[in-house]
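User: Here's a model I'd like to understand better. Could you take one part of it, look at that closely, and tell me how it sits within the rest?

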Amino acid sequence: MDRDEVDRALARLGAEYEAIETSLLALQDHAGRRLLEGAELTGVTLERWNATEPAITLLWSYFDTYSAALRAARELRARRRFPSRTDLSELTDLLRGESVTVAGGPSSATQQSITGPAKLSEQLTLAALVSRMNDLYARSLDMVVTADAVWSALPARIDLLAAELQRTRSLAHSVGVRPGEHPSGDDLEDITHELKALRTQVVTDPLAFWRPGLGSSAPGGGRPDTERYDRAARALEDVRREIDAVLTVRQDAEQRLVRLRDVLSRADRTLTEARSARGEVLAKIAASEVPAVGGPPTALQEQLVLAADYRRHAQWHRLSPLLESLEREAEDELMRARESLTAVTAPLAVRAELRGRLDAYKAKVARHGMAEDPLLTERYDAARRMLWSAPCDLRVAEQAVLRYQQAAAEVLVPRRDGPSDHTGSPS
């Protein structure tokens with residue numbers, strides 16, 4: 001090397017020295033490293049820290065060796081403004097040759113031969129020493145940054161979720177959602193145990209909660225694994241929704257109970273009306289198929305009493321599902337009562353329709369001046385006796401009405417003049 005090459009090399013090594021020193025000091029002061037030193041580690045984190053901690057110590061040893069070599073080269077260069085050939089030869093050996101001696105052993109190299117002899121020391125160039133420091137620094141920094149990233153992300157979030165869990169537990173207890181009495185109470189217990197275990201594991205083994213980034217070789221490339229935390233957060237949200245539903249029940253329970261009583265009362269009145277109508281139908285209509293009418297919904301009434309008891313004793317977690325099922329069943333009961341009334345009164349509706357049809361045809365006949373026709377009078381009186389007598393045989397009465405209609409049609413057809421009446425039935 002000539003003088004200019006030596007000066008350029010020393011300038012480059014000086015800049016390199018500043019950068020290495022800055023990086024090592026930053027690593028030394030890194031919050032993650034300090035936490036790792038003071039933490040009670042377990043699992044993969046303990047295993048890696050047991051390898052990383054001596055690597056950091058070795059890194060500083062390498063740096064001291066590098067500093068001494070650089071200092072020796074600077075002192076040699078500073079002896080003369082224009083170094084002699086001997087000086088340049090020595091400087092070349094210092095700056096480019098294997099002039100640096102480092103301690104040997106398993107931690108001194110990235111690869112060791114299992115069959116080779118143990119080395120007490122090694123000779124390296126400054127460039128090789130810097131390369132080795134870079135490798136140790138990258139692995140050490142990755143360990144420190146990864147642990148710090150997990151510790152920065154998860155414990156605080158777990159603590160916030162635990163605080164929310166505590167508030168939810170207090171609210172759940174106030175509405176009767178307790179372990180062993182309600183599924184959501186059991187869920188809260190499970191979430192409590194999970195968060196406690198999760199926080200302990202995160203603090204002692206943060207690297208177990210790290211997902212390396214795909215294709216990234218930079219220190220700390222990746223992200224914290226929040227799957228267990230996210231699962232606990234979703235479970236707590238589900239419990240909160242359940243408790244909100246219970247709170248809603250507590251707020252409008254009285255109104256819902258009043259509505260339920262009203263629906264069941266209407267169903268009961270409808271069934272009473274259906275039973276009364278059935279008696280009337282059996283008395284007035286000669287019908288063999290009149291459906292039976294069921295009794296009042298006593299089972300629903302008993303459940304309604306139970307619901308009122310739950311409300312009185314603030315057992316909201318039990319009242320909530322009971323009210324939901326009662327509301328559905330009460331509406332179904334009212335619908336069945338209305339259908340029963342409709343089915344029972346169907347014969348009376350048929351009789352009313354036949355009476356209306358008979359009177360309509362009589363009025364039509366009267367408009368055409370045929371009210372005194374003997375045949376029509378006879379058939380009208382026969383049909384009317386059947387429809388206004390009890391019990392009324394609907395099938396026979398319907399045939400009588402049809403005979404009257406046919407007779408009326410036969411009498412009226414010859415007397416139609418023009419298109420004044422083209423209807424075969426009353427309007």
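Analyst: Let's start with the contacts, where a contact means heavy atoms within 4.5 Å. Among contacts between residues at least 6 apart in sequence, 74% join residues at least 24 apart. Keep in mind that this is a predicted model: local features need a pLDDT of at least 70, side-chain atom pairs count only at pLDDT 80 or more, and totals for chains, interfaces and linings use all residues. Residues are numbered from 1 along each chain as its sequence is written, and side-chain values use heavy atoms, with hydrogens and water left out.

Now the overall frame. The chain has 12 helices and four strands; helices (H or I, at least four residues) and strands (E, at least two) are DSSP runs, numbered from the N terminus. The C-alpha trace spans about 160 × 65 × 40 Å along its principal axes. The radius of gyration is 50 Å, whereas a compact globule of 427 residues would have one near 22 Å. That radius is taken over C-alpha atoms, and the globule rule is 2.2 Å times the number of residues to the power 0.38. Of the 427 residues, 37% count as buried; buried means under 20% relative accessible area, exposed means over 50%, and partly exposed is in between (1.4 Å probe, protein chains only).

How far can you trust it? The mean pLDDT, the predictor's confidence in each residue from 0 to 100, is 82 for the chain, with 91% of the residues scoring at least 70. Among the elements, helix α6 (residues 183–204) has the highest mean, 92, and helix α4 (residues 85–96) the lowest, 78. Two stretches need care: pLDDT stays under 50 over residues 105–115, where the model has 14 contacts beyond four places in sequence, and also over residues 416–427, with 11 such contacts. Where pLDDT is low, the predicted coordinates should not be read in detail.

The part I'd pick for a close look is helix α10, residues 346–367. At 1.5 Å a residue, its 22 residues should span 32 Å, and its end C-alpha atoms are indeed 32 Å apart, so the two values agree. (The expected span is 1.5 Å times one less than the number of residues.) Its buried residues are P347, L348, R351, L354, L358, Y361, K364 and V365. An α-helix has 3.6 residues a turn, so residues three or four places apart point the same way. What covers the buried residues of α10 includes α7 (227–284), α9 (316–344), α11 (374–387) and α12 (394–412).

Just after α10, G369 takes a positive phi of about 75°. The loop between α10 and α11 also holds D373, which counts as buried because its relative accessibility is 18%. D373 and A390 are 17 residues apart along the chain, with 27 Å between their C-alpha atoms.

There's a nice bit of charge-over-ring packing at W388. The charged end of R355 sits over its ring, 4.4 Å from the centre, and R384 lies over the face of W388 too, at 4.3 Å from the ring centre. The cut-off here is NZ of Lys or CZ of Arg within 6 Å of the ring centre and within 35 degrees of the ring normal.

One of the helices covering α10 is α12, and E398 lies in α12. At 34% relative accessibility, E398 counts as partly exposed. The C-alpha atoms of E398 and R228 are separated by 77 Å, with their positions 170 residues apart along the chain.

For a contrast, look at the early helices. T45 lies in helix α3 (residues 43–77) and, at 0% relative accessibility, is buried. Beyond four places in sequence, T45 touches L36, M143, T204, D205, P206, L207 and A208. R33, found in helix α2 (residues 31–38), is also buried, at 6%.

Finally, the aromatics: the whole structure holds three aromatic pairs. The rings of Y17 and F63 have centres 5.0 Å apart and planes at 20°, so they count as stacked. This pair bridges distant parts of the chain, from Y17 in helix α1 (residues 3–29) to F63 in helix α3, 46 residues apart. Together with W60, Y17 and F63 form one aromatic cluster. Rings of Phe, Tyr and Trp (its six-membered ring) pair if their centres lie within 6.5 Å; planes under 30 degrees apart are stacked, over 60 edge-to-face, and the rest tilted.
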